[in-house]
Amino acid sequence: MSAGWIWAAYLVTYGLIFGYVFSLVRRSRRLTRRES
Amino acid sequence: MTKRILPVLAGLALVAALAVALSSPPDVLQGDFVRILYIHVANAWLAFLAFGVTAAASIGWLVRKKPGYDRVAASSAEIGVLFTAVTLFTGMIWGKPIWGTFWDWGDARMASTALMFFVYLGYLALRRATPDRQARARRSAILGVIAVVQVPLVYFSVTLWRTLHQGLTIRPDSVQMEPAMLVALLVNVGAFSLLYLALLTARVRLARLEEAAEAHERAPAGRAVTAPRLETGQ
Amino acid sequence: MSSFWRQALQVAKRDLLVEGRAGEGVGIVLPFGALAVFVVPLATSGSASLLADLAAPVYWLVTLLFGMQLALRQTATETVPQRRLLVLLGLDPVARFVGRTLSAWVLLIGLQLVLIPLVVLFYEPEPVPTPALMLPALALYALGLAMLGTLAGDLTVGLRTRTALAPMLAAPLAVPLVMGASQSLISISRGEGILTWTLLLVATDLALSVAGVVTARPLEETAT
């Protein structure tokens, strides 16, 4: 019963973190690609 | 090569934090739900730290006018938004099974954190609205100074308000931590701190790239075409 | 009178004169605030007890949001050439902040006073035993909003999204002010003391004035 909530908490946490990391990677790729 | 060390370390630390959080003993009162608190509390501290860094870097920029300070201030604010969002979401997810409700107005810390979230969003909105780099640095630095003066007051006033209108009894900060749980909390704080540092260095690097690209777009013939500026600084 | 205060009062006088002649305060913001007060009950079931409870929150919300509009009025902004001229004339940036805050304060107190009878009329709240006790809270609340509005206005000079951005920046930082004023009213209606809330208002106003003085010169560089 409690497992569901704990899963949700970790999913949201890592979802947000990975989302941010991917956006950073995407933005830097776009910039470095332009220079070449 | 060295660029990779920090993110790898942070990643390993987060895995360790996850392992410790899941293997630590359940709490007397709230059982397994304490595992959510490890991330919630860690992210809350980091959100405040990130905000502090933004404030300090803002003051640094106003005193020194070096662009590095501005980059750190803005990057830390962006990452602070991330940690604040995690704090708010995990707080709400913790609250539902414990209190029966996602939001409890009696929790001063959650309310203050939500307000701080809005302050951060305002800071980022101000930056987006200012195209000129020098003006953007100055305005956000000034907002940073105003915020660092006001936000403690915001926090204090909400706490004062809460002591009058008592909320529900179990609160994230009222948990009695036995040693094993304290270790789990500290490992999580350490792991997320490393994550903060990794994200900060990456974001500052990106900011430098963005500034270079901007400069390249705006002055294809270099300074020869623009009027001389009264202020120095790249 | 020192030249600092003379300058500050000059700025305040200029603001109020221009506002009187060409302003949007009396003509637009005040009626708009009154309209907002009027419209809210139309969105409710109309129950008398609900409206009586809503009176104070609506009052604080309208004075906050429309007060910000007053503090950010067009007549309180100078164009870039005007700013440069003032700098050349030796206007102390702190005196400018103080003068601008003073004029905003006057207008905000006006707004607050005008809205009281309207709220009483349309919401019929429970009468307060000693309403005069609210005067210091109202004055401090208006002063804090005036400073916050002036700061937010100076921070967003020349930006395209200024009209939405400035109130958005100010609103979360205005929480201690709204808290101090609204909780004072609640305490008075319960017959309790207002010392804590008054101290909160004083502390916030002090913090804002420090912020205003410290940031006056950097903000001047922003506007020119």
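**Chain B and its two partners**

Of the 234 residues that make up chain B, 43% count as buried. That figure, like everything else here, comes from a predicted model. The secondary structure of chain B is simple to list: 6 helices and 0 strands. Reading along the sequence, the pattern is just α-α-α-α-α-α. How the chain folds back on itself shows up in its internal contacts. Taking the contacts in chain B between residues at least 6 apart in sequence, 80% link residues that are at least 24 apart.

Next come the neighbours. There are 2 pairs of chains in contact, and of these, chains B and C share the most contacts. Chain A and chain C, on the other hand, do not touch, with their nearest C-alpha atoms 24 Å apart.

The pairing of B with C involves 23 residues of chain B and 27 residues of chain C. On the chain B side, helix 4 (108-129) and helix 5 (133-164) each put in at least two residues. Helix 5 of chain B gives the most to this side, with 14 residues. Sorted by class, the side of chain B that touches chain C holds 17 nonpolar, 4 polar and 2 charged residues.

Now for the other pairing, B with A. Here the contact takes 21 residues from chain B and 16 residues from chain A. The elements of chain B that give two or more residues to this side are helix 2 (34-64), helix 3 (67-99) and helix 6 (179-218). The largest share comes from helix 3 of chain B, which supplies 9 residues. By class, the side of chain B that touches chain A splits into 14 nonpolar, 2 polar and 5 charged residues.

Chain C offers a neat bit of arithmetic in its helix 5 (residues 93-123). How far apart should the ends of this helix be, at 1.5 Å a residue? The helix has 31 residues, and the expected span is 1.5 Å times one less than the number of residues, so helix 5 of chain C should cover 45 Å. In the model, its end C-alpha atoms are 43 Å apart, which agrees with that expectation. Just after helix 5 of chain C comes Glu124(C), and the phi of Glu124(C) is positive, near 45°.

Put side by side, the two faces of chain B draw on these helices: helix 4 and helix 5 towards chain C, and helix 2, helix 3 and helix 6 towards chain A.

Conventions
Residues numbered from 1 in each chain as written. Chains lettered and ligands numbered in written order. Predicted model: local features only at pLDDT ≥ 70, side-chain atom pairs only at ≥ 80, totals over all residues. Contact = placed C-beta atoms within 7 Å. Helix = DSSP H or I, 4+ residues; strand = E, 2+ residues; numbered from the N terminus. Nonpolar A, V, L, I, M, F, W, Y, C, P; charged D, E, K, R; others polar. Buried ≥ 20, exposed ≤ 12 C-beta atoms within 10 Å, placed from the backbone.
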